[in-house]
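This report looks at charged side chains, at how they pair and at where they sit.

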Amino acid sequence: MDNDANEHEVTGLHRFFISKLYSEKMNITGIDARHISKVLRMQIGDKLQIVSNDGVRAIGEITALKDNNVTVHCLEKLEECHEPSVRIILAQGLAKGEKMDFIVQKATELGVFSIVPIVMKHSIMKMDDVKAERMVERWQKIAEAAVKQSKRDIISEIYPVKTFEQLLYDHDCDVKFIAYECEDNMSLKKALCQAKPLQELLLIIGPEGGISEQELQQAKNVGAVPVTLGKRILRTETAGLVAMAAVFYETGDLGD
C-alpha cells in the first residue's frame, strides 16, 4: 500500500485516548468502551487508533470486547505528529453564555495546548466556586471531543478558573502577548518576528468588556507585550482564534 493510501486509512480510523503509558496491549474502559461496543458496534478484529498518556500514537486491533472494557493489541506506532510546534496557552477572559463553549471547542481544534479561563475586571460572566468547577468539567469534555474530531495527539488541558493576578503568577512563559484594542504600534506579526525562535506563548485575550488599564499595566510589568490584531475590533470569541491562526501561519503550522 502506498503512503497516501496508508495515511488515508489511518485518518479514517476512530481514535481513543488512554490515560496510561504505551504498551503493546492496552485497555479502553468506561464511556469510550461503551461507545465502541454499543454505538460504533465494532467487533473483534476491527482496527482503531490509540493515543497513550505519553503521547504515543498507534494502530491497534481489538482482541477482546466487553461493554466496559475493550482490549487492544497495538500493531504499529505512528510517527507523524499532528501538534503545532508552538505551545499556546490561551488565557481567556470569561465570556458569557455559550461563547466559552465555542472558544474552547474551536481553540482546541486549531491546536491550543491549554486554556486558562480568567476572571477580569470587565468580565460580564460571574460564577461562584461550585459553578466554576462544574463549568471547567464541561469545558474539558468539550475539549476532549474536539481533540478526537480533529485527530490531535494530546488533549488540551482546561485549567481551573483563575483571577488575573493568579494567571500572571502561575504562568511565567518567556513570551507573553496581550491583545489590546488601543495598541497602535506593535502588530502581532512584528511581535512574533521579535520573539523567534518561539516554543511557548501565553496569549491573553480580554472578555466582552475589554482589558482595563490596570490589567494592561500588570501584564506589562511581567513582560507581556501588548499587540494589535488589526484595524477592526474583534469580539472576544473571535480574537483568540484569529491570533492563534496568525501564530500558526507565521510558524508554518498551517502547512507549507
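## Charged side chains and salt bridges

Asp129 has its place in helix α4 (residues 129-149), where helices are DSSP runs of H or I with at least four residues, numbered from the N terminus. The model is predicted, so that local features need pLDDT of at least 70 and side-chain atom pairs count only at pLDDT 80 or more, while totals for chains, interfaces and linings use all residues. Residues are numbered from 1 along each chain as its sequence is written, and side-chain values use heavy atoms, with hydrogens and water left out.

Asp129 counts as exposed because its relative accessibility is 69%; exposed means over 50% relative accessible area, buried under 20% and partly exposed in between (1.4 Å probe, protein chains only). Together with Asp128, Glu133 and Glu137, Asp129 forms a patch of negative charge on the surface; patch members have over 30% relative accessible area and no salt bridge, like charges being joined within 9 Å.

The structure holds 12 salt bridges, each defined as a side-chain nitrogen of Lys or Arg within 4 Å of a carboxyl oxygen of Asp or Glu. Among them are these pairs:

| Pair | N to O distance |
|---|---|
| Asp32 and Lys148 | 3.0 Å |
| Lys38 and Asp67 | 3.5 Å |
| Asp172 and Lys176 | 3.5 Å |

In the salt bridge of Asp32 with Lys148, helix α2 (residues 30-39) supplies Asp32 and helix α4 supplies Lys148, 116 residues apart. Asp32 is buried at 16% relative accessibility, whereas Lys148 is partly exposed at 26%. In the third pair, Asp172 is exposed at 62% and Lys176 is buried at 6%. Salt bridges also link Arg15, Arg57 and Asp153 in a network.

Terms used: Patch = residues over 30% accessible without salt bridge, like charges linked within 9 Å, V, L, I, M, F, W, Y side chains within 5 Å. Areas by Shrake-Rupley, 256 points an atom, 1.4 Å probe, with all protein chains shown as cover. Lys, Arg positive; Asp, Glu negative; His and termini not counted. Charge placed at Lys NZ, Arg CZ, Asp CG, Glu CD. Helix = DSSP H or I, 4+ residues; strand = E, 2+ residues; numbered from the N terminus.
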